[in-house]
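This report looks at how two helices meet and what lies between them. Start with the structure below.

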Amino acid sequence: MARRSATHRRILNDKADYISGKGFVFDDQNSKLAELVKMPNCSGETLRQLLNKVAFDKCLFGNAFVEVV
């Protein structure tokens, strides 16, 4: 239904944005943590963008998965 109705898709996007928020607050002095938040995968996404995609999948399909290597 999300592909057919722009209103339904907007509602799902808003839910995902609400879940992912404005991002993460962390200690900048911890370089490993800062590196993880700024780029958790090799696609150049931030951790907030990744969480937003996971939240959207959860709202759309009822489940979501993240593989941690």
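## Helix crossing

In this predicted model, α1 passes α3 in a right-handed crossing. The contact of α1 with α3 holds eight nonpolar, three polar and four charged residues.

The two axes lie 8 Å apart, and the packing angle between α1 and α3 is about 130°. Angles from 65 to 115 degrees count as roughly perpendicular and those over 145 as roughly antiparallel. The pair α1 and α3 is therefore oblique.

## Residues at the contact

On the α1 side, the contact uses R9, L12, N13, K15, A16, D17, I19 and S20. On the α3 side, the partners are R48, L51, N52, A55, F56, C59 and L60.

A55 belongs to this α3 set. Setting aside neighbours within four places in sequence, A55 is in contact with A16 and I19.

## Nonpolar core

Which residues make up the largest nonpolar core? There are five: A2, L12, A16, A55 and F56. Helix α1 spans 6-20 and helix α3 spans 47-61, and each supplies at least two residues of this core. In soluble globular proteins, nonpolar side chains tend to be buried together.

## L12 and I11

L12 lies in helix α1. Is L12 buried or exposed? Its relative accessibility is 5%, so L12 counts as buried. Beyond residues up to four places away in sequence, L12 touches A2, F56, C59 and L60. Of these partners, A2 and F56 also sit with L12 in the largest nonpolar core. C59 and L60 appear on the α3 side of the helix contact. The C-alpha atoms of L12 and D57 are separated by 9.2 Å, although the two residues are 45 residues apart along the chain.

I11 is also found in helix α1. I11 has a relative accessible area of 44%, so I11 is partly exposed. How far apart in space are I11 and C59, C-alpha to C-alpha? The distance is 9.7 Å, with their positions 48 residues apart in sequence counted as the separation.

How values were computed
Residues numbered from 1 in each chain as written. Predicted model: local features only at pLDDT ≥ 70, side-chain atom pairs only at ≥ 80, totals over all residues. Heavy atoms only, no water. Core = buried A, V, L, I, M, F, W, Y, C linked by side-chain atoms within 4.5 Å. Buried < 20%, exposed > 50% of the residue type's maximum accessible area, 1.4 Å probe, protein only. Helix = DSSP H or I, 4+ residues; strand = E, 2+ residues; numbered from the N terminus. Contact = heavy atoms within 4.5 Å. Axes fitted to C-alpha atoms, helices over the stretch in contact; angles between N-to-C directions. Parallel < 35°, antiparallel > 145°, perpendicular 65-115°, else oblique. Left-handed = near helix turned anticlockwise from the far one by under 90°. Nonpolar A, V, L, I, M, F, W, Y, C, P; charged D, E, K, R; others polar.
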